[in-house]
Amino acid sequence: MLGSGEVVGKLETSWDKLLNHDEPFELSFPSVSGDHPSLTLKAVVVYPCDHQDGALSDVLMDCEIARDTDAGHAQFAEYITSENVSHLNAAVERFQLVLDQCPVSHPDRAAALTNFAYARLQGYIRNDLQDIDTTTSLFREALALRPQPHPDHPLSLYNLTEALTWRHNKESAAADIREAAQLYRELLPLCLEGTCLRSVAARENGVDYVIRGCNNLPIDASDEGICLRRVILELCPLGHQHRPDTLDELARALQSRFTQCGDIDDLDEGIQFGREALSLCPEGHPDRECYLNNLGYSLNVRFNHQGKPNDLDEAIFLYEEALCLCPVGHESRDSLLNNIGHALITRFKERRDIDDITRAVSLFHEALTLCRPGHPRRDIMLSNLAVALNTRYDILDVSEDLNEAINLYRESLQLKRLDNPERHRTLYSLSSSLCSRFTQTRENGDVEEAIQLCREALASLPSLHPDRCMSRAWLQRAYMSRYCIQRNPTDLSSAMEHFRQSSVHPTEGFPQRIAVAIEWAQQAEIYQHESALEAYQMCFELFDNHVMTRSSIISRREAATAFGSVSLPVDAASCAIRRDNLRRAVELMEQGRGQQWSLASRLRTPLEDLESTSPELAHKLTELSKRLAGAQASAGSTDRAAADRAATEYRRLTRQWEAAVAEIRDLRAFSRFLLPPMYEDLQAAAHQGPVIILIASQYSCSAIIVPTSGDPHHVPLPSIALADLKTLKDRFTRAIRHASRMNPAESRTDLIVLLRTVWDKIMLPIVKVLEHVLKLKRFSRIWLCPTAAFTSIPLHAAHPFQTKADRSKEPCLEDLYICSYTPTLSALVRSRQSMKKRVPPSFVAIGQGQPGAGKGKALLAVHSELELVHKLVPAMANCTTISGDAATRAGALQALEENTWMHLACHGKQDPTQPYNSHFVMRGEHLTLLDIMERDIPHAEFAFLSACHTAVGDEKTPDEVIHLAAGLQFSGFKSVVGTLWEVDDAVAKHVVKAFYENMFMDLKDGGVMDCTKAAWALNRATHAVKTKVPLEQRMVFIHIGV
């Protein structure tokens, strides 16, 4: 039906003229709503014949239907013009008669239903008819009779949407507006631009009414509710006036579902929609404040879940901008004050800037003054101010803050209804404050109430609610508070059980669960509870899962440093040692150390064995690993919206990768595929000599020797403590710096004293076990695996500097054994396994002595060093040299990938703040550790790094062993010579000459270049140059790998 029931036009003609048309002909009418309606008619004469009474009856019936339909339309047109209800009733009566003459199988029943329903709808709109339900049912039946691709299917869709929207307009039934949205989603693609139906559907009271109605619905975080929001977004293409509001509503629904279910993808997607909504509202837009606040809130929630510092800073920035748009008197000011205050408290807990907590208290005071007694949000503001005061008390220990916080929490709780969704937070916050006061006053009433409040909070939450984690965490604190005073073992057991349950809660974010697990381990250690090892194991598993969610290598290190300087691996190993479980100590140490390398190496795991068992799964995992590696690189974008999208894609690929790994573990021989290695697996690292793990824990310092076969051996180091190692490290730094300014002939007295200390207190007890227990022969190979504070000590250079009675000198460590280092046991195992595949050697010598202005002093000896190397390398290796303008980042990377042996002479720089930016100085751009890590060079064998600081990790994460030499080992080099501090290029060439002479001494008459000889060659070289090279420049070189 065109228009709104008005008479479009009238036709008057004679029968002769009408029947004069042999073919169909068209009649045009005046314009209606911008369209030009027309009718196509065809006139025929029906002649009755014998035995065709039925056919004639049908024709007569059709004529009667047509007359009643025309009469109905005439009455309806009069109603529209005159608004006289009698005409409406007459029209409805006529249309009812027509419908009665059109049974279900009649071809015109859909048209009869539509006419009847449309007249009734117009009467309902004008309040002349009250029954809309029957009308809606009539339109539904008509739509069912006109399925796609019926030409009137779009019109029937529209008619039903109009009935639903008018019923919603008058009765506010949410189900009607939801259904109308779904119908419009189907309708609009069927309405071509420029058609009458499209223009009608796009009117203010058409689809726009439905969009507004849905956007005004309460937030529904169910799958159905979010599906509806997505439908509404489809109805708002780019440029649509309601798109920003629709994006914002969908973002809020996703954030709400995240709060209930904990799926981080919901939160990430919501943040993407929030960013787009904000981008569509430039400065001056009336809704900008709202979108700023909502996006800031979502970023704050994500920070609490994932711990990304940028999220918190951006959230505060957005809140501050929104607050500027809400002056005193603005209805949203109190909410914004609240949000900024919470974000500042969070940042204060992270960074301890007293200005943050001071401002938070001030903001919450202002918010409370804006919410006088009787205000619906007063309970929230009371709780918020209490949180700020309690936080300040924890730092400044002002009892007035604590007492005021308790009073505020109590007042807030009185104002909260039992069904308030935030009530549980006030319950456990009050519990926390009461525990703090109990610790001060030892009033039993406080701790008893605290326990009861936490139980009540826990009971009020569904099983998967994220806040159950915090409720359990606060409950264990209450039990621990009571145990510390009353010493009831049941309280300690209850506290540890709640630690356990809190740390495994699946919908809480990893940062919070890791913090709980760390506290669990610490408390179990303090009170010597049997769950300590389980707690450490939980820490490593959670941390591994947390870091795996980070989509870039650099963001993984951020995650590693987010938990302070806690050295969990060494503490876990120390705990296992004290429980006489040395195998477990080795496993925990390995699981907790070098996690950055372990995670990255998963994507490069050799799959030869798997290929022979299941080539399909091997191919699947290989392809997913490649895609994941590519996603890592793309996730480092500085565009935060792009980074969010990349992170979401990375997580999607991660889930597919994990599913493929789970399939592989279902195979009989692969049940432990990519799981943390067992002691038996790790012992392969000691295949060619024992590995000595040095453990520096706050509880004790000791060593574990992993022999070629059998159980590990424990070597206590009672003469050295963690604090001593830190002092020793500082003294070495000063002594080496001082030695670098001395004349080569001067005695390095300070260094000698320190190396004697290393020998006496650290290495001598280990050597005794090697000699007398393991019966290790002289000049056997050993591998040192230092951890934590030991990583900064030159253990290989340990020396007694004593003379025997016969005037012979006491042997030092390198007189006794051939020393190498390994970052982890797994790294050594991987290098050994990859030695199975070898290719003909090719050698490249890269040197950059003149990198350019601002890149360090010129290295005048580089050219002669390269010539020396070229001369000493056997002809079979086809040695090439890259230097000067050719020694660029791109040139070096290409050479890395094309050669199996490499010598690099240049400046090396360790970046103390971001170790992945540590680099070799080339002409133009630097060659960074990150560049090296992104290369996979499985056939690489040996690298000599004649550059400064190439084997020094960073101080924040010493157990991650992030340095240039480790990066080369990870990328494929099995054997690496690196440096611990600054190298003097003028004397380094003596070490280089002696090293290669020893390395290739057996190749004059043929033979094979063997990178496993590097440790022996370095040992011989440092002995050979004693008279030419000062002590600190001999010690600087170390060997890593096979």
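## Questions and answers on this structure

Me: Does Phe1037 count as buried or exposed?

Reply: Phe1037 has a relative accessibility of 2%. The term buried means under 20% relative accessible area, exposed means over 50%, and partly exposed is what lies in between, with a 1.4 Å probe and protein chains only. Because 2% is under 20%, Phe1037 counts as buried.

Me: What kind of model is this, and which pLDDT do its local features need?

Reply: Residues are numbered from 1 along each chain as its sequence is written, while side-chain values use heavy atoms and leave out hydrogens and water. The model is a predicted one, in which totals for chains, interfaces and linings use all residues, side-chain atom pairs count only at pLDDT 80 or more, and local features need a pLDDT of at least 70.

Me: How many aromatic pairs does the structure hold, and of what kind is the pair of Phe76 and Tyr118?

Reply: Rings of Phe, Tyr and Trp (its six-membered ring) pair if their centres lie within 6.5 Å, and planes under 30 degrees apart count as stacked, over 60 as edge-to-face and the rest as tilted. The structure holds 13 aromatic pairs. Phe76 and Tyr118 form one with 6.2 Å from centre to centre and 75 degrees between the planes, a pair that is edge-to-face.

Me: Which helices hold Phe76 and Tyr118?

Reply: Helices (H or I, at least four residues) and strands (E, at least two) are DSSP runs, numbered from the N terminus. Phe76 and Tyr118 are both buried. Their pair ties together parts that are 42 residues apart in sequence, because Phe76 lies in helix 2 (residues 53-82) and Tyr118 in helix 4 (residues 109-125).

Me: Of what kind is the aromatic pair of Phe944 and Phe1037, and which strands does the pair link?

Reply: Phe944 and Phe1037 form a tilted pair, with 5.6 Å from centre to centre and 50 degrees between the planes. The two residues are 93 residues apart, and the pair links distant parts of the chain, with Phe944 in strand 14 (residues 942-946) and Phe1037 in strand 16 (residues 1037-1041).

Me: What is the relative accessible area of Phe944, and which residues form an aromatic cluster with Phe944?

Reply: Phe944 is buried, with a relative accessible area of 0%. The cluster that holds Phe944 is made up of Phe944 itself together with Phe843, Trp901, Phe942, Phe995, Tyr996, Phe1000 and Phe1037.

Me: Where is Thr900 found, and which residue offers a backbone nitrogen to its side chain?

Reply: Thr900 is found in the loop between helix 38 (889-898) and strand 10 (901-905), and with a relative accessible area of 5% Thr900 is buried. Contact means heavy atoms within 4.5 Å, and, not counting residues up to four places away in sequence, Thr900 touches a set of residues that includes Val839, Ser842, Phe942 and Phe973. A polar contact is a pair of N or O atoms within 3.5 Å, where within protein one must be able to donate a hydrogen and the other to accept it, and residues adjacent in sequence count only if both atoms are side-chain atoms. At 3.0 Å, the side chain of Thr900 reaches the backbone nitrogen of Ser842.

Me: How many salt bridges does the structure hold, and which residue forms one with Asp711?

Reply: A salt bridge is a side-chain nitrogen of Lys or Arg within 4 Å of a carboxyl oxygen of Asp or Glu, and the structure holds 48 of them. In one of these, the closest N and O atoms of Asp711 and Arg583 are 2.7 Å apart. The pair links distant parts of the chain, 128 residues apart, with Asp711 in the loop between strand 4 (701-706) and strand 5 (713-716) and Arg583 in helix 27 (residues 582-592). Asp711 is partly exposed at 47% relative accessibility, and also partly exposed, at 29%, is its partner, Arg583.

Me: Which helices are tied together by the salt bridge of Lys620 and Glu663?

Reply: The closest N and O atoms of Lys620 and Glu663 are 2.8 Å apart. The pair ties together parts that are 43 residues apart in sequence, because Lys620 lies in helix 30 (residues 615-634) and Glu663 in helix 31 (residues 640-665).

Me: How many residues of helix 9 are buried, and which helices are among its cover?

Reply: Helix 9 (residues 207-215) is mostly covered, as 8 of its 9 residues are buried. What covers these buried residues includes helix 6 (153-171), helix 7 (174-187), helix 8 (196-201), helix 10 (223-234) and helix 11 (243-261).
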